[in-house]
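Here's a quick briefing on the structure below. Have a look at the strands first, then at what sits around the ligand.

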Amino acid sequence: MNIILLGPPGAGKGTQSARLVENHGMKQLSTGDMLRAAVKAGTPVGLKAKAVMDAGELVSDEIVSELIDAELEALGSDTGAIFDGYPRTEAQAGSLDEILAKHGRTLDHVIELAVDVDALVERITGRFSCAECGALYHDTANAPAKEGVCDSCGSTEFKRRPDDNEETVRTRMEEYRAKTAPILPGYEARNIVTRVDGMADIDAVTGSIEAILT
Ligand code: AMP
């Protein structure tokens, strides 16, 4: 099974990917996570990407498509892939088709997380994650059960993404509207798109996604 989770920043792609990994043993392929790891490690890709990411703009199609290709190369053929934050442009959608074909995979579903754009800034500026295990939280919607302690691993260290500030979020939304949303019609023509209400609570969204996969 190979699926794309599509939606603007803050739609819940990362949260739902983590659920799919846990429930189905699929592999989350998040180009945002890969790029953040490259920035942290100071690799040539990371050095190139950092300023672009901080501004909320898109890094080059070649860089992200190469990252995805390399990850799929390393992935066992019976492990399903969740594409999270990729593809984000028409050029990337074309590359993904080629990369999937090369690895003998086909795209089963594109799941669009539909959200109310006005609510997204609040969602994004409130989010944070465990610095140790990466578990995702939100100040009001999904706080740890015990304040300051990660539910998953007990760590007391948390972090926020530098690009989760209001100004950058608005640029990221505009990038989504101008460059990413236009890839949907191509997938719709292939009858593989299902729209899910991304404003519902986290468990309900997971339920809707599970219903699509079965
Ligand atoms: P994300 O974690 O998916 O919100 O991505 C964070 C940032 O990484 C984005 O704002 C972009 O600067 C960059 N990025 C992640 N994925 C892609 C992609 N597929 N194409 C271009 N830039 C990307």
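A quick bit of vocabulary before the sheets: two strands count as paired if DSSP finds at least two bridges between them. Keep in mind that this is a predicted model. With that in hand, 3 strands make up an open antiparallel sheet, ordered β6-β5-β7. Its edges are β6 (136–138) and β7 (158–159), each of which pairs on one side only.

**The open sheet**
- Strand β5 (residues 127–130) runs antiparallel to β7, and 2 bridges join them.
- Within that pairing, C130 has F158 in β7 as its bridge partner.

**Around strand β3**
- Strand β3 (residues 81–84) is covered on both faces: A81 and F83 are buried on one side, I82 and D84 on the other.
- Strand β1 (residues 2–6) runs parallel to β3, joined by 4 bridges, and L5 sits opposite D84 there.
- Strand β2 (residues 27–30) also pairs with β3 in the parallel sense, again over 4 bridges; here K27 is matched with A81.

**The ligand site**
- The ligand has 16 residues around it, with T31, R36, E57, G85 and Q92 the closest.
- Helix α2 (residues 31–41) supplies the largest share of that shell, 4 residues.
- By type, the shell splits into 6 nonpolar, 4 polar and 6 charged residues.
- A side-chain N or O atom of T31 lies 2.8 Å from a ligand nitrogen, while one from R36 is 2.9 Å from a ligand oxygen.
- R88 places a polar side-chain atom 3.0 Å from an oxygen atom of the ligand.
- On its own the ligand has 480 Å² of accessible area, and the protein covers 97% of that.

Key:
Residues are numbered from 1 along each chain as its sequence is written. This is a predicted model: local features need pLDDT of at least 70, side-chain atom pairs count only at pLDDT 80 or more; totals for chains, interfaces and linings use all residues. Side-chain values use heavy atoms; hydrogens and water are left out. Buried means under 20% relative accessible area, exposed over 50%, partly exposed in between (1.4 Å probe, protein chains only). A residue is near a molecule or strand if one of its heavy atoms lies within 4 Å of it. A polar contact is a pair of N or O atoms within 3.5 Å; within protein, one must be able to donate a hydrogen and the other to accept it, and residues adjacent in sequence count only if both atoms are side-chain atoms. Accessible areas come from the Shrake-Rupley method with a 1.4 Å probe; for residues, only the protein chains shown count as cover. Ala, Val, Leu, Ile, Met, Phe, Trp, Tyr, Cys and Pro count as nonpolar, Asp, Glu, Lys and Arg as charged, and the others, Gly among them, as polar.
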